[in-house]
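Please read this briefing alongside the sequence and the model. It moves from one helix to the overall fold, and then to the core, the strands and the loops.

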Amino acid sequence: MYDVIVVGAGPAGSYAAYKSASSGLETLLIEKDRLPRWKACGGIVDGRTLSKLDRGIFDAVEAKGSFTNVFYNSKRIQALERDDYFFKREKFDYFITKMAMDAGVEVVDSCPVTDVTNRPEGVAVRTAHMELKSRLLIGADGVHSTVGKSIGLVHNHSRMYAAMVASVGLQSYENLLGEGDHSNMYFFEDLLGFAWLIPNKESVNIGIGALTRKSRGLRGKFERFCAGIDIPCPKVHGHMIPYKLLEKIQSGRVMLVGDAAGFVNAWTGGGIPPGIYSAEKAAETCLEMIENDDFSEKASRRYPSRCRSAFRNLRFRTKLVEILDSDTPSDFELPGIAKSLVRRLSAVASQSL
Ligand SMILES: Cc1cc2nc3c(=O)[nH]c(=O)nc-3n(C[C@H](O)[C@H](O)[C@H](O)COP(=O)(O)OP(=O)(O)OC[C@H]3O[C@@H](n4cnc5c(N)ncnc54)[C@H](O)[C@@H]3O)c2cc1C
């Protein structure tokens, strides 16, 4: 029997596995895809989050962003100071998985978990080919979490962003972003969301995201956005981002982290920093429970208690987004005061967690 099984080798799962093994727990990490795996993402991670990782992560940086240009209806309205690093997710995530392996984690890829059961004596984990057991389990299997479904903790699908992303070769688009090491963020009067341009070494990451209930015609908006900056609309990949924390993020011996639990900055859709934060807190709780040989519900509720200060921040952001999401019609257009609102909100939104 393992001490901890972690399901999902994204940044949250790999980091949780790394922390568990580093504190001496026998840890297995199971991933459904073949590693390293690709993930739709802008790939922005702040310097504070990177400081939790080994220094070698800086070798995987595609580009650095010391500021973000904010545009409203194509007009640049301000530049925000930032400490951003831009990554390709297949490199970023796999770097953390390798940190986990180096710490002693056993990794099994191409192996989707199909079901998880909380039992008094441990957690039973089923895959297509095997049944495994652990004393504790961390569910880090993303927005459509199978672990969450197995234990009855699921997201409300109306509390999400729909986002799409594409990568464009840079050769002919070198002037797309303008001077300096930065990214561009674009707000529009007819979109409850935003678009972005993020430089990579030999390409630009281009994307758009909007609240799912206001995202009708998002593909068309993406095409118009591309046309507006004079690039052909490239091959697009879409994905969902939960913007609301689950009411409950643990049950019995199972804890959810990252997107599976809804650890996302609701104003930016950024889930890597809060995902890594939640992974750390879950791994600390696993260690405590195993050291105390206490697997009670009360002991596993120490995980959400540890996250309390982050909860306040995340929930405040979510509340404002929920108001926009629920109390506006689906063809909503931002009013004239939007420009100053965007300026104020974008300054706060860009701070992580
Ligand atoms: C278009 C887009 C742009 C984004 N841009 C940014 C950004 O710039 N910065 C930022 O911080 N965040 C960004 N995000 C959000 C970010 O991608 C997520 O918040 C982050 O990936 C969450 O990490 P995670 O480890 O919780 O989940 P994931 O990265 O989704 O990893 C979950 C893992 O679990 C695996 N898995 C799923 N089901 C199973 C199963 N049944 N069995 C085994 N394994 C399973 C998956 O294959 C995957 O590898 C963006 C999201 C989108 C969609």
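What should the 19 residues of helix α9 (residues 308–326) span at 1.5 Å a residue? The expected span, which is 1.5 Å times one less than the number of residues, is 27 Å, and the end C-alpha atoms of α9 are 26 Å apart, which agrees. This is a predicted model, in which local features need pLDDT of at least 70 and side-chain atom pairs count only at pLDDT 80 or more, while totals for chains, interfaces and linings use all residues. Residues are numbered from 1 along each chain as its sequence is written.

**Overall fold**
- The protein has 10 helices and 16 strands, where helices (H or I, at least four residues) and strands (E, at least two) are DSSP runs numbered from the N terminus.
- The radius of gyration, taken over C-alpha atoms, is 20 Å, close to the 20 Å that the globule rule (2.2 Å times the number of residues to the power 0.38) gives for 353 residues, so the protein is as compact as a globular protein of that length.
- Along its principal axes the C-alpha trace spans about 60 × 45 × 35 Å.
- Of the 353 residues, 46% count as buried, a residue being buried if 20 or more other C-beta atoms (placed from the backbone) lie within 10 Å of its own, exposed if 12 or fewer, and partly exposed in between.
- Among contacts with a separation of 6 or more, 71% are between residues 24 or more positions apart, a contact being two C-beta atoms, placed from the backbone, within 7 Å.

**Nonpolar core**
- The largest nonpolar core, meaning a set of buried Ala, Val, Leu, Ile, Met, Phe, Trp, Tyr and Cys residues joined through C-beta atoms within 7 Å, has 95 residues, and those with the most contacts inside it are Ile 5, Ala 16 and Val 257.
- Helix α6 (residues 272–291) gives the largest share of this core, eight residues.
- Leaving aside neighbours within four places in sequence, Ala 16 is in contact with Val 6, Ile 138, Ala 140, Val 257, Ala 279, Ala 282 and Ala 283.

**The two sides of α9**
- Leu 314, Arg 317, Thr 318 and Asp 325 are buried in α9.
- These buried residues cover an arc of only 105 degrees around the axis (the arc of the directions from the helix axis to the C-beta atoms), which puts them on the same side of α9.
- Arg 308, Ser 309, Arg 312, Phe 316, Lys 319 and Ile 323 are exposed on the other side of α9, whereas the cover over its buried residues includes β13 (203–211) and α6.

**Strands**
- Seven of the 10 residues of strand β10 (residues 160–169) are buried, so β10 is largely enclosed by the rest of the structure.
- Strand β10 pairs in the antiparallel sense with β14 (residues 237–242) over six bridges, and with β13, again antiparallel, over nine bridges; strands count as paired if DSSP finds at least two bridges between them.
- Met 164 stands opposite Gly 238 in β14, and Ser 167 has Asn 205 in β13 as its bridge partner.

**Loops and backbone geometry**
- A cis peptide bond, with omega about -5 degrees, joins Leu 35 and Pro 36, and Pro 36 lies in the loop between β2 (27–30) and β3 (44–46).
- Asp 230, in the loop between α5 (218–228) and β14, has a positive phi of about 65 degrees although it is not a glycine, and with 8 C-beta neighbours inside 10 Å it counts as exposed.
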